[in-house]
2 protein chains.
Amino acid sequence: MSVTIKDIAKLAGVSHTTVSRALNDSPLINPETKERIKAIAGSMNYTPNYSARSLVLDRSYNLGLFFTTLHTGTSAGFLYEAIKGVNDVIKDDYNLIVRGIDDYKSFHKVNRKNFDGIIVMSQSESDQSFIEYASDKEIPLVVLNRPVESVQVMNFVPDDQSGAYRLTEYLVQQGHRHIAIIEGKQGFKSTQARRDGYREALREHGISVPEAYYASGNYDLESGHAAMSKLLELPDRPTAVFCCNDDMALGAVKAVTERGLSVPEDISVAGFDDHLFSAFMSPALTTVRRPIEELSRAGAETLLKFIETKHSEKSLVLFHTELVIRDSVKSI
Amino acid sequence: MSVTIKDIAKLAGVSHTTVSRALNDSPLINPETKERIKAIAGSMNYTPNYSARSLVLDRSYNLGLFFTTLHTGTSAGFLYEAIKGVNDVIKDDYNLIVRGIDDYKSFHKVNRKNFDGIIVMSQSESDQSFIEYASDKEIPLVVLNRPVESVQVMNFVPDDQSGAYRLTEYLVQQGHRHIAIIEGKQGFKSTQARRDGYREALREHGISVPEAYYASGNYDLESGHAAMSKLLELPDRPTAVFCCNDDMALGAVKAVTERGLSVPEDISVAGFDDHLFSAFMSPALTTVRRPIEELSRAGAETLLKFIETKHSEKSLVLFHTELVIRDSVKSI
DNA sequence: CATAGAAATGCACACGTTAACAATGCTATT
DNA sequence: AATAGCATTGTTAACGTGTGCATTTCTATG
């Protein structure tokens with residue numbers, strides 16, 4: 001059996017209440033007894049029983065970090081940065097529970113008793129029901145990466161539109177006038193934001209885009225390959241292609257090389273996300289970095305603050321994205 | 001307030017004991033009452049209070065998945081596959097807590113009360129003390145990825161040596177006779193195993209290796225770049241280089257291209273690990289796949305079984321690695 | 001018909017912690 | 001000297017669940 005506050009109490013010749021107070025730094029306790037008790041607790045190698053504490057305090061000390069899915073579509077780097085960011089913030093006294101939303105057969109066990117707070121790293125609208133469920137159960141909730149409209153939550157999102165804008169503007173500055181886009185998955189907020197940024201930049205520079213330059217994709221590698229293949233067959237071939245994420249950019253580059261052409265000599269390619277591999281492809285990919293780790297860190301901090309103070313701004317906060325210039329875009 | 005078994009008891013006109021037994025499928029309870037109570041519980045949207053249950057049952061329903069570090073050295077793919085593998089196995093009633101060992105200021109809160117079991121994805125000997133600590137506290141423990149000798153634990157490890165052997169043999173089969181190696185971090189078990197596999201294959205084929213062909217590295221990208229740079233300056237330049245992981249292979253390829261040479265035309269390169277990006281580099285990397293996800297799945301399964309039956313083989317199990325042939329090795 | 005035994009249910013306590021309230025001793029103020 | 005008030009500690013109950021033992025009810029057997 002492990003040691004409890006009652007054991008300490010016996011040894012110290014006080015009541016277990018006094019021990020509890022002493023260990024929790026209650027101002028009610030005489031500083032001397034407090035020290036004495038702490039010393040005894042230390043020497044007995046005492047560790048509090050969290051279950052008992054949770055029961056009476058009605059707090060689990062669990063934080064949930066939920067992803068849309070862990071199976072497909074979630075990039076490893078994404079998971080990595082998110083976990084790192086959150087773990088950096090929470091102290092030793094919280095447990096970080098990582099789960100894919102689609103792994104739950106039922107949300108039954110997700111409730112305020114089991115989770116002091118929840119961070120949803122949302123990648124698609126499919127977890128809308130989960131978000132609404134958690135919000136409904138009044139579990140402290142912050143949603144990252146994707147703007148949520150149906151319910152009021154703390155919501156931290158990278159500013160995809162301005163990232164796409166700056167990237168496109170950069171392409172223009174490098175002398176490109178024929179700039180195509182390979183789009184993300186239809187229906188995703190991120191797809192729209194990136195397209196909007198692209199459009200806005202071109203419009204402001206007085207560049208019009210032929211219909212054929214809008215190539216459809218779905219964020220995966222193969223779709224990037226297919227889309228680029230089509231673009232290359234165009235009579236009026238673009239000199240630069242903005243791929244809405246790095247995965248598709250990788251597929252696109254592959255399509256170019258397969259045709260015996262080269263990036264960036266024959267055609268420039270840019271991506272979005274700054275995946276881990278992007279710096280090491282050849283050519284190293286010019287892209288836009290999304291601050292996933294910062295996002296997660298900020299999310300965790302806000303969540304903790306909310307748990308403690310019980311109030312916070314439930315509003316959308318945009319996070320700065322950053323243009324990363326490498327070697328896949330040629331100046332012409 | 002949320003609903004408890006006492007609320008159900010009141011509504012059903014029985015004692016809370018009966019409710020508890022009914023919900024736990026005790027054979028003591030009349031099947032009809034059992035059904036009735038379950039129905040009521042369902043309609044009231046009852047969820048058990050895990051803290052209370054934990055307190056009396058002395059089980060936390062928490063499983064820990066611990067990495068050596070989450071900061072540097074842990075590849076994202078590694079983390080991803082491990083989490084996926086474990087999460088695939090545990091049912092809805094366990095929480096998976098993910099943490100970097102070096103994030104703990106003190107292991108104090110790691111004990112049998114807080115964790116029903118622990119999986120350590122060990123990447124270096126620096127977590128030896130953690131493993132011994134957990135073993136000492138008699139927390140059900142399985143260590144993955146790295147062989148542990150100082151204590152008896154369930155230990156699942158990829159067979160790096162045979163993987164390195166097969167890869168090297170493949171290089172020989174492709175006609176290579178001048179095969180260099182870029183080694184991993186000194187002191188790591190994996191470094192030694194891979195070097196051993198490499199040596200063994202060459203010895204068995206009667207190929208001797210000049211001292212200069214042993215290039216030192218430390219598993220990171222830059223070290224691969226540096227090591228390859230040296231190898232390329234050798235008067236007796238190798239025709240193939242076995243890099244002890246994919247990260248270093250990537251750096252090595254970069255070093256080759258920077259010199260205006262090309263892989264695999266001028267020099268063949270092979271890696272180890274089968275990182276996510278490896279299939280998409282150009283050229284796609286020939287490498288050895290380590291079954292991290294299988295490892296994790298098996299580890300989780302064994303751990304759960306141990307938790308339930310309280311006994312299991314505490315021994316080392318090697319997992320099959322797999323040669324993945326792509327485009328970075330030329331037949332000469 | 002009496003009774004042994006099985007089946008079903010309830011009572012009371014335990015798990016380890018916190019907290020409201022009570023109690024004690026002491027100091028300072030009148 | 002009486003008392004108000006503060007500092008410190010103790011008493012007791014509570015959180016929600018599971019379980020050993022007692023109790024009741026029913027069934028079968030002689």
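**Exercise 1. Backbone contacts with DNA strand C**

Determine what part of A:Asn49 lies 3.2 Å from a phosphate oxygen of DNA strand C, and list further phosphate contacts by B:Asn30 and B:Thr33.

*Solution.* The model is predicted, so local features need pLDDT of at least 70 and side-chain atom pairs count only at pLDDT 80 or more, while totals for chains, interfaces and linings use all residues. Residues are numbered from 1 along each chain as its sequence is written, chains are lettered from A and ligands numbered from 1 in the order in which they are written, and side-chain values use heavy atoms, with hydrogens and water left out.

Step 1. In A:Asn49, a backbone N or O atom is placed 3.2 Å from a phosphate oxygen of DNA strand C; a polar contact is a pair of N or O atoms within 3.5 Å, and within protein one must be able to donate a hydrogen and the other to accept it, with residues adjacent in sequence counted only if both atoms are side-chain atoms.

Step 2. B:Asn30 also uses a backbone N or O atom, at 3.1 Å from a phosphate oxygen of the strand.

Step 3. For B:Thr33, a polar side-chain atom lies 3.1 Å from a phosphate oxygen.

Step 4. Elements giving two or more residues to the surface near DNA strand C include helix H1 (5-12) of chain A and helix H2 (16-23) of chain B; helices (H or I, at least four residues) and strands (E, at least two) are DSSP runs, numbered from the N terminus.

**Exercise 2. The surroundings of DNA strand C**

State how many residues surround DNA strand C and how they divide by type.

*Solution.* Step 1. The strand is surrounded by 29 residues, A:Ile5 and B:Thr18 being among the closest; near means that a heavy atom of the residue lies within 4 Å.

Step 2. They divide into twelve nonpolar, 13 polar and four charged. Ala, Val, Leu, Ile, Met, Phe, Trp, Tyr, Cys and Pro count as nonpolar, Asp, Glu, Lys and Arg as charged, and the others, Gly among them, as polar.

Step 3. Sugar or phosphate accounts for 63% of the strand's atoms within 4 Å of the protein, and bases for the rest.

**Exercise 3. The interface of chains A and B**

Describe the contact between chain B and chain A.

*Solution.* Step 1. In contact (heavy atoms within 4.5 Å) are 51 residues of chain B and 52 residues of chain A.

Step 2. There are 14 residue pairs in polar contact between the chains, both residues at pLDDT 80 or more.

Step 3. On the side of chain B that touches chain A, H5(B) gives the most, with eight residues.
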